[in-house]
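Hi,

Here is the model I said I would pass on. Have a look at it first, and my notes follow below.

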Amino acid sequence: MTTTTHTAPPQSGERSLTPQQASARAVSAIAALGLEADLAPVLDGDPGTWRCVLLRGGVPLRTGLGLGKGSRAEARAGALFEALEHQLSGVEGLAASEIRLASAHRVAGGPLGRDVAAALLAQAPDRPLGCLPYRSLDGGPDVDVPLFLSMPEYLRAEGEDLRRQAGDTYDYRSVGRYSVNNGWAAGVDPVEAAVHAINELIERDALSMLLIGSFLCEPARRIGVVDPATLPPGPAALLGFAGARTGRPVHLIDMTTDLGVPAYAAHQSAPPGQPARICGWGASLSREYAISRAVSELVQLHSTMGLREQYAHLLPEQRDDTGPYPGLRACYLSDFSAALATAEVRPFEPTAVPATPGGHLDQLLALLADHGFAVYRRDHHVTPDLAVVNVLVPGLERFMLVTDGQVVVPGERGLAAARGE
């Protein structure tokens, strides 16, 4: 199929450079690390999908795979930065001397205790576990954050030597299923990266709340969908392309929560009994950009299906442990067919957004503070060309892990929603 060319939506102030300028920065950062980039299109067009594999001496790195989506220039830049993010957010390059050992019960009793995974630490023996220092972005005290919360590799065989060097002998079996690479992002500077990390956290919280409301509440909450006829030209053309490319209708589910940051799922139903996985998600202060990111991600997932076998060694293991739990099984399958039949159809309404990444960050921090959420950031890797950061917002949901087949439960935020509070 030949792709249709149209003007991609702007990045709505979330990036400080053009995609072409950002790509040049990423290439410079890759060279500074002594690496090479194997960059190629998977779907060469506007919109398109690109993939990047980082190599050292011609040998692909275990974690150096990145995928990019959007316009051709955005997809190229996105693939480069995601490859750098994946490579630099793992255990490679992290020194044992950076790791602090902290009491598990002290962590659970502090501000991180709002996170469902951190709260579980209080139910296990009080032993020290490996943490890294994170800086408060809202004027509060800094905190030590357990590595397992956002670095799954730390718990795997790849992290065994690092744990040993750091003296971390904690038994992670009770909390390991909650470990997820949440809140990581790469950009040309820490502010830009933090904006995208926070948007990812909000997006995954919104997906978690959508799943809880749809499959764990009695009765299920009615969902909202966007009326395609009301979309601006850019997202409308992108949505039409996605439907034509995949051969199936794409539904735009409004996942926006009480936080008020527009969040959307671009959803396609799967055959009965199979999980819906050709989907995309996006969150942004710009409603147009959030929708465009969600639809572009759906196109990316569809166009990269053939890569999964080729790069299986670079992708997380797929398994489903939800079978014995009907509610969790329904969340895993994410079958919204019945909900879509009775969904509330909503018109698209544009949002006014800041013009710079700094403006986006300020507004996001203010929104989160207004809802009682603290924000913590670690600048994991920063150079003149690149910033890879991790952001943690205790209390936002990570229940979306259920779609990976993990047996997890909602945190207090999700449980309150399930109770109708």
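In which strand does His267 lie? His267 is part of β10, residues 263–267. Helices (H or I, at least four residues) and strands (E, at least two) are DSSP runs, numbered from the N terminus.

Before the rest, some housekeeping. This is a predicted model, where local features need pLDDT of at least 70 and side-chain atom pairs count only at pLDDT 80 or more, while totals for chains, interfaces and linings use all residues. Residues are numbered from 1 along each chain as its sequence is written, and side-chain values use heavy atoms, with hydrogens and water left out.

Back to His267. Its relative accessibility is 3%, so His267 counts as buried (buried means under 20% relative accessible area, exposed over 50%, partly exposed in between, with a 1.4 Å probe and protein chains only). Leaving aside residues up to four places away in sequence, His267 touches Pro249, Val250, His251, Ile253, Ala276, Ile278, Cys279, Leu298, Ser334, Phe336 and Leu340. A contact here means heavy atoms within 4.5 Å.

One of those partners, Ser334, deserves its own look. Ser334 is not a glycine, yet it has a positive phi of about 50 degrees. Most residues other than glycine have a negative phi, and most peptide bonds are trans. Ser334 sits just after α10, in the loop between α10 and α11 (337–341). At 7% relative accessibility, Ser334 counts as buried. In α10 itself (residues 326–333), the buried residues are Leu328, Cys331, Tyr332 and Leu333, and α6 is among the elements that cover the buried residues of α10.

Now the overall picture. The chain has 13 helices and 14 strands. With 421 residues, a compact globule would have a radius of gyration near 22 Å, and the chain has 20 Å, which agrees. That radius is taken over C-alpha atoms, and the globule rule is 2.2 Å times the number of residues to the power 0.38. Along the principal axes, the C-alpha atoms fill a box of roughly 55 × 55 × 40 Å. Of the 421 residues, 56% count as buried. Among contacts with a separation of 6 or more, 68% come from residues 24 or more positions apart.

On the surface side, the accessible area of the chain is about 17,400 Å², and 53% of it belongs to carbon and sulfur atoms. These areas come from the Shrake-Rupley method with a 1.4 Å probe; for residues, only the protein chains shown count as cover. As for charge, there are 35 positive and 47 negative side chains, and the centres of the two sets lie 2 Å apart. Lys and Arg count as positive and Asp and Glu as negative, while His and the chain ends are not counted; the place of a charge is NZ of Lys, CZ of Arg, CG of Asp or CD of Glu.

What about the inside? In soluble globular proteins, nonpolar side chains tend to be buried together. A nonpolar core here is a set of buried Ala, Val, Leu, Ile, Met, Phe, Trp, Tyr and Cys residues joined through side-chain atoms within 4.5 Å. The largest one has 104 residues, of which Leu121 and Ile198 touch the most other members. Helix α6 (residues 190–216) gives the most to this core, with 14 residues. Apart from this core lies another of 19 residues, including Leu231, Leu238, Phe241 and Ala242. Not counting residues up to four places away in sequence, Ile198 touches Leu361, Leu364, Leu365, Leu368, Val375 and Val391.

Two cis peptide bonds to check while you have the model open:
- Asp46 to Pro47 is cis, with omega near 5 degrees; Pro47 is in the loop between β1 (36–43) and β2 (48–56).
- Glu218 to Pro219 is cis, with omega about -5 degrees; Pro219 is in the loop between α6 and β8.

Lastly, a few places towards the outside. Ala229, in the loop between β8 (224–226) and α7 (233–246), counts as exposed at 69% relative accessibility. The C-alpha atoms of Ala229 and Phe348 are separated by 8.7 Å, with their positions 119 residues apart along the chain. Pro272, in the loop between β10 and β11 (280–283), has 80% relative accessibility and counts as exposed. Ala366, in helix α12 (residues 357–370), counts as partly exposed at 38%.

Cheers
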